[in-house]
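Student: I should like to learn how salt bridges and pockets are to be read in a structure. Could we work through an example together?

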Amino acid sequence: MNRPTYHLSWRAGRFFQRFLQYSVLIVVAVIVFVPIVMLAFGALKTRGELMAHPYTPPVPPRWENIIAILRTPRYSFWPMLRNSLMVMVTTTAGVLVLCSMAAFVFARMEFRFKGLAFQLFTLGLMFPINIAILPVYFVLRQLVLIDNLWGVIIVQTAFQLSGNIIILRGFFAAVPAELQDAAYIDGCNAFDFFWRILLPLTKPALAAVAALTMIISWNDLLVPLVVINNDKLWPLPLGVMQFQGQYGQDLSLVSAFVALSAIPTIIFYIFAERQIISGLTAGAVKG
């Protein structure tokens, strides 16, 4: 094969590869965004308009459903939002504190049965909450944490520990040992090194863990569904499910409630996306 023919064949293969990649990305984008767009359209229509023309843009947009949800106390949107924020923030804080301390011990300290103890944490990845929800419910009932947001927070925190400890351990272990030795020579103890040096150096990892924990906690439905019976304690995912069951005949109202519930997640992900990607990719490079 001569050089011009080879060059043309290489360019054709390159073009086909790019075409295939962009085609797949376009298909995935359509699959992801079409339901979101349809949800927004439905939220800004009346019930009759949604039933008659479900796929057309809302012209003019109807804001009555959104205003009614935000202003009507019986829809309980604001209490559900408050409950979700409380659970998410507390869970994230607990995960960061516990995972960072445990990862520091496994990454920077030596003690007997260290490998065995770490393997016990990794075993937690084999038991998702879906499998363990029944014994978890019995434990929470014995602790009188049913119908209590602390029951949801404790369970969410516990099932986020294993994976995040593994992530942070890799980051903490990548910090040079010479830096720790220099800190000890300067008079730092283990906690000073952890608090003043290690945590500031691993902010991308901490931000990634915090962002992932917040997203998982915010979208969790199973744990609140099992633990919370009192409607005054419902977080938004549970409230959306109950709202759909109660007002399912009015699809435009349901669309408005679901759209309002999704807005905080979308806003948070827009701001957290860079932290998640930079943190996890940095961990991949360091590992």
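The dialogue below takes up salt bridges and then the largest pocket.

Tutor: Please note first that this is a predicted model, in which local features need pLDDT of at least 70 and side-chain atom pairs count only at pLDDT 80 or more, while totals for chains, interfaces and linings use all residues. Residues are numbered from 1 along each chain as its sequence is written, and side-chain values use heavy atoms, with hydrogens and water left out.

Student: How many salt bridges does the structure hold?

Tutor: A salt bridge is a side-chain nitrogen of Lys or Arg within 4 Å of a carboxyl oxygen of Asp or Glu. The structure holds 3 of them.

Student: Which residue meets Arg-62 in a salt bridge, and where do the two lie?

Tutor: The partner of Arg-62 is Glu-49, at 2.9 Å from N to O. This pair links distant parts of the chain, 13 residues apart: Glu-49 belongs to helix H2 (47-52), and Arg-62 to the loop between helix H2 and helix H3 (64-71). Helices here are DSSP runs (H or I, at least four residues), numbered from the N terminus.

Student: Are Arg-62 and Glu-49 buried or exposed?

Tutor: Buried means under 20% relative accessible area, exposed over 50%, and partly exposed in between (1.4 Å probe, protein chains only). Arg-62, at 28%, is partly exposed, and Glu-49, at 23%, is partly exposed as well.

Student: What should be said of Arg-196 and Asp-192?

Tutor: Their closest N and O atoms are 3.9 Å apart. Both residues lie in helix H10 (residues 190-201), 4 residues apart, about one turn of the helix. Arg-196 is exposed at 59%, whereas Asp-192 is partly exposed at 21%.

Student: With which residue does Glu-110 form a salt bridge?

Tutor: Glu-110 pairs with Lys-114, with 3.4 Å between the closest N and O atoms. Glu-110 is exposed at 70%, but Lys-114 is buried at 14%.

Student: What lines the largest pocket?

Tutor: On a 1 Å grid over the protein atoms alone, a pocket is an open set of points where a 1.4 Å probe fits, with protein on both sides within 12 Å along at least five of seven lines; lining residues have an atom within 4 Å of a point. Here 14 residues form the lining, and Ile-36, Leu-39, Ala-259, Ala-262 and Ile-266 lie nearest the centre. Helix H1 (3-43) and helix H14 (251-286) each supply at least two lining residues, and H14 gives the largest share, 7 residues.
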